[in-house]
Amino acid sequence: MSSTARGAGRPGWSLAVVLIALVVASPVLAVAAYALGQGGLRMPGGVAEMVATTLALLLLVAAGTAVLGTGLAWLVTAYEFPLRWVLSWLLVLPLAMPAYILGFVFLSTFDYAGPVQGALRSVLGDDLGALPVRSLGGAVVVLVLTLYPYVYLLTRAAFLELAPTAYDAARTLGASRARAFRTVLLPLARPSLAAGLALVTMEVLTDFATVQYFNVRTVSVGVYLTWKGTYDVGSAISLAVLVLVFAVAVLAAERALRGRARYHQKGGRGRGLERRRLTGWRAAAATAAGLGVVGAAFALPVLRLLTWAVSALRDDAGAVVDERFVDNLTSSLVVAAIAAVVCVLVSLTISHSLRLGGGPLVRGAAQVTTFGYAVPGAVVGIGVLAVFAGADRALVALGVEGGTGLLATGSVLGILVAYVVRFTAPAYQAVEASFSRVSPSISASAMTLGAGPGRLLRQVHLPLARPGVAVAATLVLIDAVKELPLVLMLRPFGFTTLSVWVYELASENFWERAALPALLIVAVAVVPVVLTFRATGTRRPDAAAPGGAAAPSALSGSLPPAPGQVSTTLTLDQGRSGTPGRMEQ
């Protein structure tokens with residue numbers, strides 16, 4: 001593409017990308033500016049306990065997901081047992097179960113009035129007392145069951161792609177399978193494990209509905225309660241700064257855990273490990289372990305929701321599917337659809353501007369637009385409020401009577417801005433992936449023939465990138481329907497979505513009435529889970545590489561960040577002329 005052609009209309013597109021980056025970065029910048037402007041952090045009471053609780057929750061959930069996710073990934077890649085291939089797919093499904101939904105199903109089952117403690121009291125007597133279900137331990141169990149698939153997906157992909165040379169060498173030297181796994185394979189999969197744990201901890205930082213069910217007060221819960229309880233913006237922003245510090249620490253820990261090591265696959269994709277066939281009680285135990293996890297994290301909760309929904313509809317269908325249900329469903333879909341359209345338009349603008357030539361400024365701004373996905377929801381929510389508060393003060397100073405009025409808290413505009421900040425990253429990843437497959441010579445030819453940037457986008461880039469646009473819209477739509485913290489913080493009076501309605505009904509122990517909207521959310525969330533699993537490979541490794549021969553394709557996999565919070569790229573480089581891997585420091 002000639003420089004003349006690239007330059008036609010480029011300044012306008014470049015300016016648009018820079019403005020988008022400023023909008024995405026504005027919540028974090030506003031939080032920092034507000035904190036500095038008030039002369040330092042103004043912490044509410046009990047902040048030390050909130051910090052300690054947040055640390056404990058992060059560490060326990062990270063440890064639990066690391067053990068469960070890595071263990072299950074190792075089980076389905078290193079051993080052959082009944083239902084292994086089916087389980088390798090089913091073990092991803094808990095990713096479609098939002099933690100706040102599994103949380104209230106868990107409480108209804110194991111709390112004092114639930115069937116489990118009722119059965120125990122009938123056997124052991126009333127002296128048993130109440131078990132401490134509403135506790136940090138209960139929250140950890142629920143979060144581990146819903147978040148372990150992040151670690152499972154990434155470590156399983158790493159194990160599948162590894163060339164078995166190093167593992168075979170360790171076994172030849174007398175190491176047991178467990179020791180070879182612990183000392184050889186696990187270090188090679190360390191980048192994937194670190195990326196999975198980063199996703200998990202960012203999700204834990206964002207969550208506050210689940211931990212509220214279990215009476216666990218984290219820093220994110222503190223931001224919400226401080227804002228909704230006292231409308232003390234200064235204290236809420238001070239707590240949001242703490243949440244941001246936690247997020248930065250998580251990303252730094254992920255980098256430190258990954259280290260400076262780089263792994264590159266030589267000679268194509270590894271053929272994976274040769275699976276050992278389990279027989280007898282070992283095969284039964286492996287199958288039972290996989291089915292047990294899927295049952296506890298997805299199948300049984302869905303079955304319980306179905307039972308509740310059918311029971312509620314049978315008792316009084318009009319009270320379940322009433323005008324409020326229709327209004328809340330409509331609100332969810334309308335807001336999600338608008339957010340999807342805006343995020344897709346923003347992503348097309350960024351990708352098209354980069355294809356026009358861009359420059360260091362545009363490339364840097366494009367990277368900033370993906371930043372919002374790694375920022376916890378509490379920070380984005382309070383940051384959007386701070387932005388509107390600053391705009392209000394600026395308008396008043398300019399003589400506009402009333403400023404922005406109730407623009408932020410009296411309409412859905414604040415929610416839409418927060419959605420664009422949060423969900424531009426997955427939309428951009430999907431659109432950019434399609435743009436990358438369009439040959440630059442096609443764009444150059446169109447520009448040489450006289451097509452301007454606008455016409456090039458409408459008649460060339462957009463038709464060719466249509467699959468990526470469809471995926472981007474789907475991912476944003478689903479993420480927006482599931483979103484809870486941002487809506488709770490920014491919604492105007494009387495505005496309710498399905499996720500908020502489920503949260504409110506569950507908080508008041510109306511389990512049966514919450515079942516139908518919860519099932520709708522889970523059904524919608526299954527779509528990106530399937531997309532993610534397909535992106536990480538659904539083929540049977542043994543079918544793809546018969547006889548254990550290495551497939552000829554290079555390994556450089558990129559996991560869409562839609563269900564998670566951070567885009568991750570896995571690149572393995574292992575073996576040079578048969579040597580067991582190379583580590584570059």
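The following paragraphs describe the helices, side-chain pairings, burial and backbone features of a predicted model.

The chain comprises 25 helices and four strands. Of its 585 residues, 53% count as buried. When contacts are restricted to residues at least 6 apart in sequence, 82% of them join residues at least 24 apart.

Among the helices, α14, which runs over residues 280–320, departs from a straight course. A straight helix of 41 residues would span 60 Å at 1.5 Å a residue, whereas the end C-alpha atoms of α14 are separated by only 48 Å. A kink of about 85 degrees is present in this helix, and its centre is placed on R314.

Aromatic side chains were examined over the whole structure, and the search returned 13 aromatic pairs. One of these is formed by F325 and W501, whose ring centres lie 5.9 Å apart and whose planes make an angle of 55 degrees, an arrangement that is classed as tilted. The two residues belong to distant parts of the chain, F325 being located in helix α15 (residues 323–355) and W501 in helix α23 (residues 498–507), with their positions 176 residues apart in sequence. Both F325 and W501 are buried. Elsewhere, ring pairs connect W74, Y79, F159 and F181 into a cluster. A further interaction with an aromatic ring involves a charged side chain, in that R121 lies over the face of Y112 at 4.0 Å from the ring centre.

Five salt bridges were found in a search of the whole structure. In two of them the carboxylate partner is E80, which meets the side chain of R84 with an N to O distance of 3.4 Å and that of R275 with an N to O distance of 3.0 Å. The bridge between R275 and E80 links distant parts of the chain, since R275 lies in the loop between α13 (233–258) and β2 (276–277) and E80 lies in strand β1 (residues 79–80), 195 residues apart. With regard to solvent accessibility, R84 and E80 are both buried; R275 has a relative accessible area of 19% and is therefore also assigned to the buried class, for which the cut-off is under 20%. Another salt bridge joins E504 and R491, with 2.8 Å between N and O. In this case E504 is part of helix α23, while R491 is situated in the loop between α22 (485–490) and α23, and the two residues are 13 apart. Through shared partners, the salt bridges of E80, R84 and R275 form one network.

Two buried helical positions illustrate how contacts are made with residues elsewhere in the sequence. The first to be considered is L143, which is found in helix α7 (residues 136–161) and which counts as buried because its relative accessibility is 2%. When residues up to four places away in sequence are left out, L143 touches L57, V61, A99, V204, T210 and V211. The C-alpha atom of L143 is also separated by 9.4 Å from that of P98, a residue 45 places away along the chain. The other position is S347, located in helix α15, the helix that also holds F325. The relative accessibility of S347 is 0%, so this residue is counted as buried. With neighbours within four places in sequence set aside, S347 is in contact with T424, A427, Y428 and V431.

Finally, the backbone was considered at two asparagine positions. Most residues other than glycine have a negative phi. At N215, by contrast, phi is positive, with a value near 60 degrees, and a positive phi near 60 degrees is likewise found at N509. Each of the two residues is placed in a loop between helices: N215 in that between α11 (209–213) and α12 (219–230), and N509 in that between α23 and α24 (511–535). Their accessibility classes can be stated in turn. N215 has a relative accessible area of 60% and is therefore classed as exposed, whereas N509, with a relative accessible area of 42%, is classed as partly exposed.

Notes
Residues numbered from 1 in each chain as written. Predicted model: local features only at pLDDT ≥ 70, side-chain atom pairs only at ≥ 80, totals over all residues. Heavy atoms only, no water. Expected span 1.5 Å × (residues − 1). Bend = angle between axes of the 7 residues up to and from the residue. Phe/Tyr/Trp six-rings, centres within 6.5 Å; stacked < 30°, edge-to-face > 60°. Buried < 20%, exposed > 50% of the residue type's maximum accessible area, 1.4 Å probe, protein only. Lys NZ or Arg CZ within 6 Å of the ring centre and 35° of its normal. Contact = heavy atoms within 4.5 Å. Salt bridge = Lys/Arg side-chain N within 4 Å of Asp/Glu carboxyl O.
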